[in-house]
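This report describes selected features of one protein model, moving from a single side-chain contact to a cavity, two sheets and two loop residues. The sequence and the model are shown first.

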Amino acid sequence: MPADPNLISALYIEDDNALRQIYRKLIEEDGDIIVATARNEEVKELLETFHFDVIISEYQLTGNEGTGILRHLKQKEDKTPCIILSSHNDTDMIIQAYNQGAVDYIRKSENPASIAVIIKNRIRDAALKRRRERDVETNRRLLQATLDAIPDIIGIQTPDHKIVYYNQAGYSFLNMRPEEVKGRHCYELIGRARQCDICATEKALWSKKLERVEKYISELDAYLDCRSYPVLDDDSEVIFIIEQLTDITERKRAEEEIRALSTEYETVFNGTQDCIFLIRVTDDGEFRFIRNNLAHETATGLTTETLHEKTPEELLGKQAGSVISANYQRCLETNGPIIYEETLNLPAGEKTWETLLTPVIRDGRVTHIVGSSRDITNQKRIEMELRLSEERYRDFFDNANVMIQSVDEEGHFIFINKTWKEKMGYSDKEIENLSLFDIIHPDSLDHCQSTFQEVLSGKAVNGVQAAFLTKDRRPIQIEGNVNSFVYNGKRRTRGIFHDITERKIAEEAVRIANKKLQLLSSITRHDILNEVMVLLGNLDFAEETSNDTEVEKYLARAGEAGRTIQRHIEFTRLYENLGVSEPEWQELTALIPKSKGPVTITNNCTSLSLFGDSMLERVFSNLLDNTIRHGEHATAVTIDCRRSDDGLHLIWRDNGAGIEENLKETIFKRGFGKNTGFGLFLSREILAITGITMRETGTPGEGAQFEILIPKEAYNFN
């Protein structure tokens with residue numbers, strides 16, 4: 001619903017997005033109608049939250065007829081007027097729409113602009129009619145509630161004493177239902193055959209003015225105070241009598257109740273925390289104070305005796321009093337409640353007040369004004385402090401050593417801080433004509449546009465990296481976080497970025513240095529391995545030609561040492577590549593090696609992806625190799641996974657011999673094992689690059705079990 005009561009709210013139901021936008025724009029063109037649009041499937045949920053003045057629905061909707069909304073409104077007893085739109089002029093279709101509750105049926109033409117004029121007029125007519133109906137219904141209910149709230153018996157009679165209406169007090173007094181009363185003579189209701197000898201109604205019929213009598217009703221054993229008000233037509237003939245009957249049998253009790261009500265009024269009047277004061281408006285337009293409550297006395301230092309029958313000028317002096325009288329005069333001229341703020345220097349000190357003035361109107365003129373004031377001195381102080389705080393925060397953001405920007409939905413800059421301007425080189429005037437996409441490097445444009453749409457949808461995006469172009473078209477590398485917020489009904493984005501240009505240059509330098517070191521290491525390793533091969537070959541030759549057993553023993557030891565050197569050099573080839581490439585997302589199914597020999601592999605985590613080093617595949621190859629080499633009788637491997645608060649547990653389990661308790665940690669040490677001794681050590685190192693850990697948790701004799709714990713940010717399920 002619009003905040004402005006003069007605006008008409010309409011809901012347009014159409015499954016075609018293009019038509020929704022066209023008709024919404026055309027209908028809203030004059031500015032007095034606000035249109036919300038929805039697909040058919042969204043309507044019921046939308047109506048649970050919002051109320052509209054008018055509903056417009058296409059007759060033909062995807063998978064349903066637009067008249068379905070009529071059935072829904074009828075079921076909910078919702079009287080919101082509904083207009084049906086259709087491209088057809090089928091008589092049966094029109095009749096069906098009206099029979100189901102449509103207030104109008106509009107046949108669309110090929111020109112949306114022309115038909116929109118008709119739709120707008122019909123919307124205004126339907127909204128006005130419905131608002132009038134609601135006003136009538138509201139007034140009727142208000143009158144009914146008002147009459148039912150009156151403790152006296154209120155009745156309406158025709159001139160022949162037949163009852164038209166009683167309020168609830170009347171039906172309760174007679175202990176009858178409305179249908180038992182309506183249309184019967186008033187005297188019949190108390191068991192009499194003719195009218196009462198003393199009757200205020202009969203007197204009012206003759207005098208045509210208010211008549212009042214007190215009488216005793218023996219049939220009810222009650223005394224009534226009867227007042228009859230004649231209602232006259234244009235010819236001054238009585239058409240109705242309104243009677244007000246008060247049961248005065250318990251007059252003393254009533255007097256006590258009146259005193260109790262008076263006490264209650266005083267309790268409420270003086271017990272409220274708001275400062276209340278009463279003003280009498282004299283016939284010559286002066287404002288004179290009548291009284292004030294205890295809260296007003298305490299807060300202002302003005303007692304009732306001090307202010308009674310004084311004008312504001314007499315009480316507070318001409319200057320201050322004239323300002324107060326001007327507000328009272330404004331209430332008088334407005335003829336309705338007004339609210340305003342004022343700062344007054346009163347006996348209790350200077351304070352700021354929020355004052356509500358409500359006029360009391362009698363016989364068409366304001367006779368009194370009820371004033372209610374709240375001391376908002378502290379609130380104003382807090383608001384001032386808040387403004388100062390906002391200024392300090394703005395100063396903080398403006399001088400922060402990071403680039404801060406805020407952008408609207410079209411990409412125009414709303415706020416940028418000083419660091420941003422210094423880095424980019426633009427002036428405030430130049431920024432007014434800039435769009436976000438004007439300062440993005442072409443290589444980053446597609447990525448930034450998709451990220452921008454994500455953020456506008458409400459998603460926060462962290463770790464954004466892109467390249468901006470400064471005013472002199474020099475690229476700078478930035479990294480930061482972007483999110484969005486809604487302000488005045490419009491979504492805006494805000495981003496906080498670091499200039500990482502120097503870091504990127506340093507990273508590139510490190511990458512080049514690593515590449516050169518890898519090349520140097522590769523050349524050196526190749527030369528060393530060649531020399532080791534020569535050494536091992538000569539040792540073999542020496543061993544073959546030697547006849548000295550003791551010399552052969554030393555030659556064999558030297559050969560074993562050479563082969564160990566060879567394995568260590570080979571390991572450096574693997575370890576050199578560890579962590580060189582950026583980690584990436586990899587599907588588990590692509591990492592698991594094919595079953596080998598007698599061992600079959602069953603993977604129960606087929607939709608799992610891991611974020612890890614490019615050598616992640618070697619981890620699972622090493623695990624399979626470990627099962628084949630050391631599992632002895634192992635024939636099967638099963639891969640399972642389960643979630644926990646720590647992350648995801650990926651389980652590699654075989655049915656082999658298992659690992660002895662005292663070796664569960666030793667097997668991960670470099671050099672341990674019957675082969676190279678680097679497999680499980682290297683596997684742990686590969687996993688650790690992205691925070692993944694591995695341990696052995698199997699039971700000896702029942703098979704090996706390697707449990708890999710993957711952090712939450714390093715896995716996902718497709």
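## A buried aspartate and its surroundings

In this predicted model, the side chain of aspartate 225 makes a polar contact with the side chain of arginine 212, at 2.5 Å. Aspartate 225 belongs to strand S11, which covers residues 222–232. Its relative accessibility is 5%, and because buried means under 20%, aspartate 225 counts as buried. When neighbours within four places in sequence are left aside, the residues in contact with aspartate 225 are Arg212, Val213, Glu214, Gln244, Leu245, Thr246 and Ile248.

## The largest cavity

Searching the whole structure yields four cavities of 30 Å³ or more, and the largest cavity has a volume of about 280 Å³. Which residues lie nearest the centre of the largest cavity? Of the 21 residues that line it, these are Tyr166, Cys186, Leu224, Glu243 and Leu245. Leu245 is thus named among the lining residues nearest the centre and also among the contacts of aspartate 225. At least two lining residues are supplied by each of strand S8 (153–157), helix H6 (168–174), helix H8 (200–207), strand S10 (211–217), S11 and strand S12 (238–247). The largest share of this lining, three residues, comes from S11, the strand in which aspartate 225 is found.

## Two open sheets

One open sheet consists of five strands in the order S2-S1-S3-S6-S7, with parallel pairing. Strand S2 (33–38) and strand S7 (104–107) stand at its edges with a single partner strand each, so one side of each has no neighbour in the sheet. Neighbouring strands of this sheet are turned by 20° against each other on average, direction ignored. Within the sheet, strand S1 (residues 8–13) pairs with strand S3 (residues 54–58) in the parallel sense over four bridges, and isoleucine 13 stands opposite serine 57 in S3.

A second open sheet, also of five strands, has the order S24-S26-S27-S29-S28, and here the pairing is mixed. Its edges are formed by strand S24 (600–603) and strand S28 (693–696), each of which has a single partner strand, so that one side of each is left without a neighbour in the sheet. The twist averages 20° from one strand to the next. Strand S27 (residues 647–654) and strand S29 (residues 705–710) run antiparallel and are joined by six bridges; the bridge partner of leucine 648 in S29 is isoleucine 710.

The helices that pack on these two sheets are set out below, each with the strand to which its angle refers.

| Helix | Strands touched | Angle |
|---|---|---|
| H1 (residues 17–27) | S1 and S2 | about 170° with S2 |
| H5 (residues 112–149) | S1, S2, S3, S6 (82–86) and S7 | about 175° to S7 |
| H21 (residues 616–630) | S24, S26 (636–644), S27, S28 and S29 | about 30° with S27 |
| H22 (residues 679–688) | S28 and S29 | about 145° to S28 |

## Two loop residues with positive phi

Asparagine 175, although not a glycine, has a positive phi of about 55°. It lies in the loop between H6 and helix H7 (178–181), and with a relative accessibility of 68% asparagine 175 counts as exposed. Lysine 208, likewise a residue other than glycine, has a positive phi near 60°. Lysine 208 is located in the loop between H8 and S10, where its relative accessible area of 34% makes it partly exposed.

Conventions. Residues numbered from 1 in each chain as written. Predicted model: local features only at pLDDT ≥ 70, side-chain atom pairs only at ≥ 80, totals over all residues. Heavy atoms only, no water. Pairing = 2+ DSSP bridges. Axes fitted to C-alpha atoms, helices over the stretch in contact; angles between N-to-C directions. Contact = heavy atoms within 4.5 Å. Buried < 20%, exposed > 50% of the residue type's maximum accessible area, 1.4 Å probe, protein only. Polar contact = N/O pair within 3.5 Å; in protein donor to acceptor, adjacent residues only side chain to side chain. 1 Å grid on protein atoms, 1.4 Å probe; cavity = no way out; pocket = protein on both sides within 12 Å on 5 of 7 lines; lining within 4 Å. Points joined across faces, edges and corners; volume = space filled by probe spheres on them.
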